[in-house]
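Hi,

Here is the structure I said I'd pass on. Have a look at it first, and then read my notes below.

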Amino acid sequence: MAACRYSVVLIAFALLVCDSTCATPKNDEGDTAEKTESDIADDVTLAEAVHTQKSDAVSQTQAGRTPNPETPESKQKESLRQWEATEVTVDTNADVQSNEEAPDRRDAEVIDSVPPPPPPKDQFQEELVIRPLQSGDIYASFQFRTRWDTDFFQQGRKVAHYRLFPKSLGQVITKFSLRELHISFTQGYWRTMQWGQPFLSAPPGAELWVWFQDTVTDVDGAWKELTNVLSGIFCASLNFIDSTNTVQPSASFKPLGVGNVTDQRFLRYAVLPREIVCTENLTPWKKLLPCGSKAGLAVLLKSEKLFHSSFHSQSVHIRPVCQDWQCTSTAWELRQTLGVVFDMHTSGQSRREWSLFKMFSRTLTEACPLASSSKVYVDITDNSQGELFDLTPATPTLSQAVVLGDRRTYSVYDLTTPEPFGTLRSLNVLLKWKTTDAADMLRPLLHGERYVAGYGLQTGEIHTLIYNNHPYRAFPVLLLEMVPWYLRLYIHTLTVTSKSRENKPSYIHYQPSKDRLRPHLLEMLVQLPPNSVTEVTVQFERALLKWTEYTPDPNHGFYVGSSVISALVPSVVAMDTNSTKEHPLFSSFFPCKEESAYFVRVYTEPLLVNLPTPDFSMPYNVICLTCTVVAVGYGSLYNLLTRTFQVEEPSPGLTKRLANVIRWLRGVPPL
């Protein structure tokens with residue numbers, strides 16, 4: 001009887017192991033199951049004194065599988081808890097045994113159990129800044145920022161998955177080993193004396209400047225191929241950039257991102273002042289946005305409205321930035337900016353009333369779903385008490401930011417919240433002026449102009465005027481002049497005067513041109529006295545081009561790119577040196593750590609110069625005269641030589657023909 005009971009205990013233990021490793025099978029035979037369970041319960045009662053605690057857990061578990069009607073509910077719960085504990089104990093022992101038998105497999109399982117590193121983080125922000133100008137015009141600036149915490153140049157790693165960052169630009173960065181890329185397309189000229197300083201300046205036409213990685217061996221070859229690729233991406237004429245309009249500035253264009261690469265060999269700068277900006281350039285620009293033009297602030301970018309303005313500029317800037325305040329790692333930042341100025345003449349609207357619908361023919365209904373921040377800023381610095389204009393809908397959210405050395409106040413509409421949209425689910429910011437007189441605007445501290453002087457088509461002078469409107473502070477500026485090779489500069493005639501006195505530059509870098517190979521490059525560091533106008537003058541001689549080098553409209557003239565003026569302008573507002581602190585995008589592009597100054601870059605007007613032009617109408621006149629001579633002279637001679645002559649008998653007279661008719665009627669032969 002004891003041996004039988006011992007065998008039954010072993011059978012019960014085997015059932016426990018089976019239940020811990022697989023699902024418990026259903027038993028359709030009710031009577032047999034009840035008999036077996038009662039026998040097992042009796043056997044377990046006799047084996048409690050001689051067997052281990054594990055067999056006791058088995059008996060209680062088996063009793064819990066089919067609870068006895070006489071057993072209280074608390075005993076059932078206790079039995080279930082013992083079942084769970086027994087199951088864990090059995091699995092643990094099994095795992096320990098398997099680990100002892102296969103230590104290599106255990107190590108492999110531990111390695112595989114380590115979670116993979118989190119994917120690179122990326123985020124997207126969008127902003128619209130509306131600034132009423134003192135002249136009654138409206139300046140609207142769009143800022144779209146995409147930041148990706150990744151490294152395109154990590155050894156043994158290839159970036160293949162793109163979420164928010166455009167893949168086309170990511171492949172360009174990887175293929176050409178770019179460190180920074182800055183490109184802009186501008187239609188019109190920014191009137192600094194009427195509108196003040198823009199958030200980000202750009203010259204008329206197309207501008208491109210690039211910093212390559214120091215691992216690039218053939219910079220010129222990469223530059224040429226890069227311009228062709230960007231020409232296809234942005235549907236522009238960047239493929240016309242070659243060595244004749246490309247320079248390597250030594251000090252004017254320093255990297256705007258993190259890093260210490262300052263070797264000018266890896267810098268290229270070019271400008272096409274005659275480039276026309278149109279819808280075909282705006283469309284690919286909008287496609288780089290994560291939401292395109294389907295949602296968010298980009299729905300306002302309607303081409304017929306943007307190009308029906310007095311000024312339009314769009315740009316793309318790529319640079320490495322710090323991920324955190326300690327700058328332990330870097331991220332890639334793509335910033336797309338678009339600025340437009342609407343005035344009463346080109347828009348056809350009322351001068352003293354503006355709204356989003358009047359400017360863009362659309363209103364805002366939602367933020368971009370992929371944007372972590374979507375805001376609209378309206379500058380109310382000069383309207384703190386509401387004496388100049390009314391702004392509706394009103395918002396209680398105000399923000400202050402230091403922009404171009406001045407502390408400005410903005411009304412903020414956060415599109416990620418439902419409050420700005422109201423019950424109509426639409427935001428149409430309305431700005432209505434109360435006064436009809438244009439207010440006086442403070443002159444910008446730094447301003448530049450340029451023009452061509454002289455007479456005739458042989459020589460001339462280029463005059464560059466730099467204004468320092470600060471009442472008591474002097475500061476240095478860095479001037480860059482890029483002149484085409486067909487304007488041969490006389491560098492010995494270079495003069496710099498301030499307040500009718502000679503102002504000797506402290507630094508001059510000049511690279512002479514080579515005919516049909518490279519342009520002139522002139523860089524100088526000039527100290528501007530307070531409240532003064534500094535004039536830079538240099539004479540030049542016009543070259544005579546080959547007849548195949550003239551444009552289709554040579555009498556229109558040839559464009560010369562804008563001068564570039566870079567300076568740290570004095571400021572009375574202390575600037576925050578924390579570049580990673582949250583602040584509006586339009587106030588954080590140029591890095592500046594000077595508390596008493598801010599960086600600004602100013603562009604002058606492009607020049608239109610006439611060159612000695614042959615009389616291209618003379619070939620037309622020669623062709624007409626030659627064709628006339630050939631037609632009259634040679635045609636007559638050819639006609640005489642090829643014509644055949646035949647003798648024809650004269651026809652009979654009328655009397656003779658009548659007589660022959662009468663004779664024929666009489667039957668008489670004719671005469």
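**What I found**

Let me start with one residue: Gln213 sits in the loop between strand 4 (205–212) and helix 8 (219–234). Please keep in mind throughout that this is a predicted model. Is Gln213 buried or exposed? Its relative accessibility is 13%, so Gln213 counts as buried, the cut-off for that being under 20%. If you skip the neighbours within four places in sequence, Gln213 is in contact with Phe153, Ser177, Leu178, Arg179 and Phe266.

Now for the chain as a whole. The protein chain has 14 helices and 26 strands. It runs to 671 residues, and 45% of them count as buried. Take the contacts between residues at least 6 apart in sequence: 75% of these join residues at least 24 apart. The chain exposes about 36,400 Å², with carbon and sulfur atoms supplying 55% of that area.

Next, the strands. A quick reminder: strands of a sheet pair through backbone hydrogen bonds, either parallel or antiparallel. In this model, 11 strands make up an open sheet with mixed pairing, and their order is 5-6-4-3-7-8-2-1-10-13-12. Strand 5 (246–247) and strand 12 (398–403) are the edge strands, each pairing on one side only. Strand 4, the one that leads into the loop with Gln213, pairs with strand 3 (residues 178–187) in the antiparallel sense over eight bridges. To find that pairing on screen, look for Ser184, which stands opposite Glu207 in strand 4.

Strand 21 (residues 520–528) is worth a look too. Seven of its nine residues are buried, so strand 21 is largely enclosed by the rest of the structure. Which strands pair with it? Strand 17 (residues 475–483) runs antiparallel to strand 21 and is joined to it by nine bridges; in that pairing, Leu479 stands opposite Met524. Strand 20 (residues 507–511) also runs antiparallel to strand 21, with five bridges joining the two. There, Tyr507 has Leu525 of strand 21 as its bridge partner.

Then I went looking for empty space inside. Rolling a probe the size of a water molecule over the atoms shows where empty space is left. Searching the whole structure turns up eight cavities of 30 Å³ or more. The second largest cavity has a volume of about 250 Å³. It is lined by 25 residues, and those closest to its centre are Pro198, Leu200, Ser201, Ala202 and Phe311.

What is the lining of the second largest cavity like by class? It has 12 nonpolar residues, 12 polar ones and one charged. Strand 2 (138–148), strand 7 (311–322), strand 8 (330–342) and strand 25 (597–603) each supply at least two residues of this lining. Strand 7 gives the most, with four residues.

One last residue: Arg601 is located in strand 25. With a relative accessibility of 6%, Arg601 counts as buried. How far apart are Arg601 and Leu200 in sequence and in space? They are 401 residues apart in sequence and 8.1 Å apart in space, taken from C-alpha to C-alpha. Leu200 is one of the residues closest to the centre of the second largest cavity.

Have a browse and send me your questions.

Cheers

Conventions: Residues are numbered from 1 along each chain as its sequence is written. This is a predicted model: local features need pLDDT of at least 70, side-chain atom pairs count only at pLDDT 80 or more; totals for chains, interfaces and linings use all residues. Side-chain values use heavy atoms; hydrogens and water are left out. On a 1 Å grid over the protein atoms alone, a cavity is a set of points where a 1.4 Å probe fits but cannot get out, and a pocket is an open set with protein on both sides within 12 Å along at least five of seven lines; lining residues have an atom within 4 Å of a point. Grid points are joined across faces, edges and corners, and a volume is the space filled by probe spheres set on the points. Ala, Val, Leu, Ile, Met, Phe, Trp, Tyr, Cys and Pro count as nonpolar, Asp, Glu, Lys and Arg as charged, and the others, Gly among them, as polar. Buried means under 20% relative accessible area, exposed over 50%, partly exposed in between (1.4 Å probe, protein chains only). Contact means heavy atoms within 4.5 Å. Accessible areas come from the Shrake-Rupley method with a 1.4 Å probe; for residues, only the protein chains shown count as cover. Two strands pair if DSSP finds at least two bridges between them.
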